[in-house]
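Reader: I am new to this structure and would like a close look at a single part of it. Could you take me through one pocket and what surrounds it, in a connected account?

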Amino acid sequence: MARFLFAKSKKLREAAPRPGLTGEMIANIQDNIARVEQRITAACLRSGRRRGDVKLVAVSKTHPAESVRAAYAAGVRDFGENRVQEAKSKRQELSDLGAT
């Protein structure tokens, strides 16, 4: 699996989704991420782990770069790809976010 990561920064860069995704699609992505974060937090509490010790890696395969951009806007910084070609393409499309 090839993985591309976004530069981590204490300051969030502007990551407003561009035209292509509907407002409903963006809201669904944000809602899904919020639910996953709640589940991770609850699991950490149950297991006695610190939330900072668990990393959320969103799998972006088969999803367009604009979906990745919406997830980035919602706070996700780590993305996984299973195809090198897709990772390279998305990295280029999302270069304004500091994709590495």
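**The second largest pocket and its surroundings**

Author: In this predicted model, the second largest pocket has a lining of 15 residues, and those nearest its centre are Ile29, Ile33, Ala58, Val59 and Ala71. The space inside this pocket comes to about 280 Å³. At least two lining residues come from each of helix H1 (23-47), strand E2 (58-59) and helix H2 (65-73), and H1, with four residues, gives the most to the lining. Sorted by class, the lining of the second largest pocket holds eleven nonpolar and four polar residues, while no charged residues take part in it.

Two of the residues named at the pocket, Ile29 and Ala71, lead on to the interior. The largest nonpolar core is made of 14 residues, and Ile29, Ala71, Phe79 and Leu94 are those with the most contacts inside it. H1 and H2 each supply at least two residues of this core, and the largest share, five residues, comes from H2. Leaving aside residues up to four places away in sequence, Ala71 touches Ile29, Ile33, Val76 and Phe79.

Helix H2 itself deserves a further word. Because eight of its nine residues are buried, H2 is largely enclosed by the rest of the structure. The buried residues of H2 are Ala65, Glu66, Ser67, Val68, Arg69, Ala70, Ala71 and Tyr72, a list in which the charged residues Glu66 and Arg69 appear beside nonpolar ones such as Val68. Just after H2, Gly75 adopts a positive phi of about 110 degrees.

Methods: Residues are numbered from 1 along each chain as its sequence is written. This is a predicted model: local features need pLDDT of at least 70, side-chain atom pairs count only at pLDDT 80 or more; totals for chains, interfaces and linings use all residues. Side-chain values use heavy atoms; hydrogens and water are left out. On a 1 Å grid over the protein atoms alone, a cavity is a set of points where a 1.4 Å probe fits but cannot get out, and a pocket is an open set with protein on both sides within 12 Å along at least five of seven lines; lining residues have an atom within 4 Å of a point. Grid points are joined across faces, edges and corners, and a volume is the space filled by probe spheres set on the points. A nonpolar core is a set of buried Ala, Val, Leu, Ile, Met, Phe, Trp, Tyr and Cys residues joined through side-chain atoms within 4.5 Å. Buried means under 20% relative accessible area, exposed over 50%, partly exposed in between (1.4 Å probe, protein chains only). Contact means heavy atoms within 4.5 Å.
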